[in-house]
Amino acid sequence: CGILIKTREGRPIKIDGNDLHPINQGKTCSVGQASIYDLYDPSRLQHPIKENRKRDWDTIDSEIIKQLDETIASGKKIAIIANPTNSPTEKKLLKEFKERFSTAEVFSYELFNNCNKKYAWNQSYGTADLPAIKWNKAEVILSLESDFLAKEGNHLEATRLFTKRRDIMESDNFNRLYVAEGGLSLTGANSDYRLQVRPDTQYDFVLSLMSAVVSRGESIINIDPVVKKKLSNYSIEKFVKKWKMDSLKVNYLLEDLIKNKGKSIVTAGDVLQSEVHVAVNLLNEMLGNTVLYDYQSAYLNSGKQTNFDGFQKLVDDMNAGKYGMVIHYDVNPVFHLPSSLNYSEALGNVATVISLVDSENESTINDSYTLPINHSFESWGDAHARANIYSLRQPVIAPLYNSRQKEAILLTWIYSSAKSYTEDIYHQYLMESCRENIYNNMNLAINFKSFWNTALHDGFIELKNSSIKKTAFDLTAFDLNYNSEESIGFGLLLNDSYFIRDGRFANNGWLQ
């Protein structure tokens, strides 16, 4: 989202949405509003720490650079634990870090993610870039355990587009929302018809709907005989009877989906399994709903996340002494990763542990170095989360403490032999990245300085002809042997959060 920050006497005091930004158009969510409190958090680190004592940056940089080179010379590995990023410049930085320090590896994770949906889309269409949805064009919406109006995806944009069809001042042709979910969500509370469907039965529910569409001859695509045979084992009538559902509501839903082929959309929640998402993709194909996919403003994949087995191997290699350095790049893996991994104990077998964090946490307890990083309002940055939008971020206040931007810290270590740290080191790096990857590809008449200043003023750049390629549905993604009752999947407890992980796909590089 694009945001504007109001300041008084140089101090940020209020966050508002950027009215010009094409994604959120001036709106912000509660998380965005509350992010300003982190800037003034009294528990923020105020200076670099080594072995619980204050140190200066120059000394720490020289020591760490020496240890990085010694780790490479000894043949041991360097691990960077990070969150996935949609910043092309930060991705470039991490790539250069791995080139400069040849044994470095990046492990990434995200507590709340849509990896199941991305994995299913990749299986169905050969890409993990998800198209946006034209919610304002949908006459009928079926939401399966998806709270798209409150927390999933870009819910600000979804809410804006969805409510356009419910504005009595603009139209009297309202859309209709069906929600099938276990617990009550904000989306369910705003539905026209709400169906109680357990999450572990959503797969059977989708296939029962598909079976009804095929049996009535309403599918707009040809269905493989083998798929037809599988669908024949499902019946919407039997499903309704088994789970004691309201048959009238289900009949309304089915009739609406068939009547509004090409003008409806079925969406599944992030918590549902990949097989459910694949089935939903096929159902949308059968109903011709793919015309509501917006490939022009698709959500670009931020990269594969390390799965449970990948972290297990990391811990095993740390215990075996294969890693000489671990860098926590603005993350807290000791708290976030499952306790069964014994990640904290494995850190004891690593010579140097470095944390780049804004506040001390569970992962900094046994650090060799704890380095304070800037708040995002004190930092330069960019983002390319949507295919047609490239966003820029500029600081609105100088660092309050003796901290540095996290990207600038890595950049200083990379350029150790060529240049030392300066306040604008990442600013200049970001400008060159923008010139190389954005400006040079746009064939503009204005010079780069004017382009850069305009982009900073607006906060974003609209990219033309940047839509992702539309591909045909791969029917082999639909698992004919999948049985929802036998393969429900399981969750790995991460303190107060869950990694939803399906053992069937654990080795495919996706955190399920």
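**Exercise 1. Place D192 and find what its side chain touches.**

Step 1. D192 is in the loop between helix 7 (186-189) and strand 10 (193-196). Helices (H or I, at least four residues) and strands (E, at least two) are DSSP runs, numbered from the N terminus. This is a predicted model: local features need pLDDT of at least 70, side-chain atom pairs count only at pLDDT 80 or more, and totals for chains, interfaces and linings use all residues. Residues are numbered from 1 along each chain as its sequence is written, and side-chain values use heavy atoms, with hydrogens and water left out.

Step 2. Check accessibility. D192 has 38% relative accessibility, so it counts as partly exposed. Buried means under 20% relative accessible area, exposed over 50%, and partly exposed in between (1.4 Å probe, protein chains only).

Step 3. List the contacts (heavy atoms within 4.5 Å). Leaving aside neighbours within four places in sequence, D192 is in contact with R166, N175, R176 and L177.

Step 4. Look for polar contacts. These are pairs of N or O atoms within 3.5 Å; within protein, one must be able to donate a hydrogen and the other to accept it, and residues adjacent in sequence count only if both atoms are side-chain atoms. The side chain of D192 makes one with the side chain of R166, at 2.5 Å. The D192 side chain also reaches the backbone nitrogen of L177 at 2.7 Å.

**Exercise 2. Work out which residues of helix 3 are buried, and how they are arranged.**

Step 1. Take the span. Helix 3 covers residues 57-73, 17 residues in all. From first C-alpha to last it reaches 24 Å, close to the 24 Å expected. The expected span is 1.5 Å times one less than the number of residues.

Step 2. Pick out the buried residues: W57, I60, D61, I64, I65, L68 and T71.

Step 3. Look down the axis. The buried residues of helix 3 fall within an arc of 130 degrees, so they line one face of the helix. The arc is that of the directions from the helix axis to the C-beta atoms. An α-helix has 3.6 residues a turn, so residues three or four places apart point the same way.

Step 4. Turn to the other side. There D58, K66 and A73 are exposed.

Step 5. Inspect both ends. At the start of helix 3, a side-chain oxygen of D56 reaches to within 3.3 Å of the backbone nitrogen of D58. Just after the helix, G75 takes a positive phi of about 85 degrees.

**Exercise 3. Classify the ring pair of Y109 and F311.**

Step 1. Count the aromatic pairs. The structure holds 20. Rings of Phe, Tyr and Trp (its six-membered ring) pair if their centres lie within 6.5 Å; planes under 30 degrees apart count as stacked, over 60 as edge-to-face and the rest as tilted.

Step 2. Apply the rule. The ring centres of Y109 and F311 are 6.0 Å apart and their planes stand at 70 degrees, so the pair is edge-to-face.

Step 3. Locate the partners. Y109 is in the loop between strand 6 (104-108) and helix 5 (115-125), and F311 is in helix 13 (residues 308-319). The pair links distant parts of the chain, 202 residues apart.

Step 4. Check burial. Y109 counts as buried at 1% relative accessibility. F311 counts as buried at 3%.

Step 5. Find a cluster. Ring pairs link W121, Y125, Y293, Y295 and F473.
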